[in-house]
Amino acid sequence: AAHVSMAATMKLTITFLLLVSALVVFGDAKKAPCAVVCVQGGHITCDNYPGQKLDGCDCQCAPKDGKGCVLHLNSGSTNQCTTTPEY
């Protein structure tokens, strides 16, 4: 039984290290959150784009003309995107 838990521990450690290195690599993603595939995964829906799941894991990625856009993350959380007023 000890052998099995050791293997599981190793897998968890490797997974953790991969996640940490991915976070380091994607740390620069904040500069261009829409140009990269999101680590957490997700999509955006907008009222005026019915039935479309738009790429993006940040409200900045919503279309400029998007109305009532909502960010849906694969973790199950949703965020209402407030549209920035045009200046």
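# Notebook: cysteines and strands

**Entry 1: C69 and its partner**

I started at C69, which is buried with a relative accessible area of 1%. That counts as buried because the cut-off is under 20% relative accessible area. A note to self before going on: this is a predicted model.

How many disulfides does a search of the whole structure find? I got two. One of them pairs C69 with C46, and their sulfur atoms sit 2.0 Å apart. I checked the handedness as well: the torsion about the S-S bond is 105°, so I wrote this link of C46 and C69 down as right-handed. The pair links distant parts of the chain, with C46 in the loop between β1 (42-45) and β2 and C69 in the loop between β2 and β3, 23 residues apart.

Is C46 buried or exposed? It is buried, at 6% relative accessibility. Both ends of this link are therefore under the 20% cut-off.

**Entry 2: the other disulfide**

Next I looked up C59, which is joined to C81 by a disulfide with an S to S distance of 2.0 Å. About its S-S bond I read -75°, and the link of C59 and C81 is left-handed. C59 lies in the loop between β2 and β3 while C81 lies in the segment after β4, so the bond ties together parts that are 22 residues apart in sequence.

I then compared burial at the two ends. C81 counts as buried at 8% relative accessibility, whereas C59 counts as partly exposed at 29%. The 29% of C59 is not under 20%, which is why I could not book C59 as buried.

What does C81 touch, leaving aside neighbours within four places in sequence? I found C59, C69, V70 and L71. C59 is the disulfide partner of C81, and C69 belongs to the link with C46.

**Entry 3: the core**

I pulled the largest nonpolar core, which has eleven residues. Among them are the cysteines C38, C46, C57, C61, C69 and C81, along with I44, L54, A62, L71 and L73. C59 is not in that list; core members have to be buried, and C59 is partly exposed, so that fits.

**Entry 4: overall layout**

I stepped back to the whole chain. There are one helix and four strands in it, and reading along the sequence I get the pattern α-β-β-β-β. Of the 87 residues, 21% are buried. The chain exposes about 6700 Å², with carbon and sulfur atoms supplying 64% of it. I also looked at contacts between residues at least 6 apart in sequence: 26% of them join residues at least 24 apart.

**Entry 5: the sheet**

In what order do the four strands sit? I read β2-β1-β3-β4, an open sheet with antiparallel pairing. β2 (54-55) and β4 (78-80) stand at the edges with a single partner strand each, so one side of each has no neighbour in the sheet.

I tallied the bridges next. β1 and β3 are joined by four bridges, β1 and β2 by two, and β3 (residues 70-73) and β4 by three. Each of these pairs runs antiparallel.

**Entry 6: H43, in β1**

I picked H43, which is found in strand β1. Which residues are its bridge partners? In β3 the partner of H43 is H72, and in β2 the partner is D55. At 19% relative accessible area H43 is buried, since the limit is under 20%. Not counting residues up to four places away in sequence, H43 touches K53, L54, G56, V70, L71 and H72.

**Entry 7: V70, in β3**

Last stop was V70, which lies in strand β3 and has Q80 of β4 as a bridge partner. V70 is buried, with a relative accessible area of 16%. Beyond four places in sequence, V70 is in contact with H43, I44 and T45, and also with T78, N79, Q80 and C81. Its contact with H43 also turned up when I listed the contacts of H43, and its contact with C81 when I listed those of C81.

How far apart in space are V70 and D47? I get 8.8 Å from C-alpha to C-alpha, for residues 23 apart in sequence.

Terms used. Residues numbered from 1 in each chain as written. Predicted model: local features only at pLDDT ≥ 70, side-chain atom pairs only at ≥ 80, totals over all residues. Heavy atoms only, no water. Pairing = 2+ DSSP bridges. Disulfide = S-S within 2.5 Å. Buried < 20%, exposed > 50% of the residue type's maximum accessible area, 1.4 Å probe, protein only. Core = buried A, V, L, I, M, F, W, Y, C linked by side-chain atoms within 4.5 Å. Contact = heavy atoms within 4.5 Å. Areas by Shrake-Rupley, 256 points an atom, 1.4 Å probe, with all protein chains shown as cover.
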